[in-house]
Amino acid sequence: MFETRAQMNASGGSSVPAAISDIGCEREINEDRYAVIDSAAGRAWIVCDGMGGALGGDLAAQLAIDAIRRELEKVGSSDESSDALRHSIESANRVIVLRRQNPAFANMGTTIVGVIVREDEVSIMHAGDSRAYVINQHKIEQLTTDHTYVQDLVERGTISHEEALAHPQAHVLTRCLGADPRLQLDIKCRWLWEGEGEILLLCSDGLYSLVSDAEIADVVRTTSPQEACIRLVELARERGGYDNITVAVLPLAGELREENPNPERAPRAAVSAPRPRVEIDVPQLPLGVRIVAMVFLFLVGAGGTLVYLLWRLSNL
Ligand code: CA
């Protein structure tokens, strides 16, 4: 663990994170949402891209953000940051699944990509096709794998990455919040090491469908986070802006790696193994009622024993 320090990128940009959400050029509403949530378990950044059109796309994304905020505000500092974010996203999923039971909202859902940062721990999780990238002066790495029909085709070698972007079913999701009560989240846990301050970028598909990874990296490397957000939205809009565009740029206080720099520290809980959560509401009776019930049960037991003894005695 080491102290957070100000990071300056190559152009002298600031270390202050930034985010932006833009309606784009063609849509009538913005169904994307982003949020920054401070909690005892760390600071979370969330990007959601809602779907369902007039009937609930923006509602689904907003419900997700609100549920995640509500849950994260409840966590304590002893909670694992990755568990806290995961549980809050699972809670958001349940909220949307329930709301979809109303036929008017039967098709709504939302993607999610979220990151939670506490000291040198960084957890990234997602469902759907919103993405997280990590960028440094030498590379841009996509940390998330889209949960889409075309990504499955890419992985099977049926189509190329480039063909995937232009594919007519490019946006058919195989996972999202709201579709299934048993949400499958992809979770990656990383650690910050001393070294070059890398930059995390979260975005909806409205950005990467129109701006290449190399262009994203170039803009992020050469301007401040605030300017990068504005420039990336401008680029997507110049090329048609067919979809809503959301970007968050988060400078990190070090280099993101898979290895724990403090191995003596207890390993974190197995975050990749989802813990089934069964919530049972157990009613608590008032103390007086419980005492009366215990006395009653005692008398019933004692009375039964007495009757039994009398019966045995009468049969001797
Ligand atoms: Ca979108």
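Which handedness does the crossing of α1 and α2 have? Keep that question in mind while we get our bearings in this structure, which is a predicted model.

Let's start with the whole chain. There are 8 helices and 11 strands in the chain, and buried residues make up 45% of its 316 residues. If you take the contacts with a separation of 6 or more, 73% of them are between residues 24 or more positions apart.

Now back to the opening question. Helix α1 covers residues 57–72 and helix α2 covers residues 81–99. Two packed helices are described by the angle between their axes and the distance between the axes. For α1 and α2, the angle is about 140° and the axes are 8 Å apart. Angles over 145 degrees would count as roughly antiparallel, so with its angle α1 is oblique to α2. And the answer is that α1 and α2 make a right-handed crossing.

What do the two helices touch each other with? On the α1 side you will find L59, A60, L63, A64, A67, I68, R70, E71 and L72, and these meet A84, L85, S88, I89, S91, A92, V95, I96 and R99 in α2. Sorted by class, this contact has 13 nonpolar, 2 polar and 3 charged residues.

A second pair of helices makes a nice comparison. Helices α6 and α7 pack at an angle of about 150°, and their axes are 9 Å apart. That makes α6 roughly antiparallel to α7, and the crossing is right-handed. Here I216, V219 and V220 in α6 meet A228, R231, L232 and L235 in α7. The residues of this contact divide into 6 nonpolar, no polar and 1 charged.

Stay with α6 (residues 213–222) a little longer, and look at its buried residues: I216, A217, V219, V220 and R221. Helix α7 is one of the elements that cover them, and others include β6 (131–135), β7 (140–142), β9 (199–203), α5 (205–208) and β10.

Finally, find the calcium ion. Its protein donors come from D49, which gives two OD atoms, and from D205 and D243, with one OD each. These donors lie 2.3 to 3.2 Å from the ion. Along the sequence, the donor residues follow the spacing D-x155-D-x37-D. The pair D49 and D243 links distant parts of the chain: D49 sits in strand β3 (residues 42–51), while D243 is in the loop between α7 (225–238) and β10 (245–251), 194 residues apart. Are these two residues buried or exposed? Both D49 and D243 are buried.

Key: Residues are numbered from 1 along each chain as its sequence is written. This is a predicted model: local features need pLDDT of at least 70, side-chain atom pairs count only at pLDDT 80 or more; totals for chains, interfaces and linings use all residues. Side-chain values use heavy atoms; hydrogens and water are left out. Donors are N, O and S atoms within 2.8 Å of the metal (3.2 Å for Na, K and Ca); water is not among the atoms, so sites may look incomplete. Helices (H or I, at least four residues) and strands (E, at least two) are DSSP runs, numbered from the N terminus. Buried means under 20% relative accessible area, exposed over 50%, partly exposed in between (1.4 Å probe, protein chains only). Axes are lines fitted to C-alpha atoms, for helices over the stretch in contact, and angles run from 0 to 180 degrees between N-to-C directions. Angles under 35 degrees count as roughly parallel, over 145 as roughly antiparallel, 65 to 115 as roughly perpendicular and the rest as oblique. A crossing is left-handed if the near helix is turned anticlockwise from the far one by less than a right angle, and right-handed if clockwise. Contact means heavy atoms within 4.5 Å. Ala, Val, Leu, Ile, Met, Phe, Trp, Tyr, Cys and Pro count as nonpolar, Asp, Glu, Lys and Arg as charged, and the others, Gly among them, as polar.
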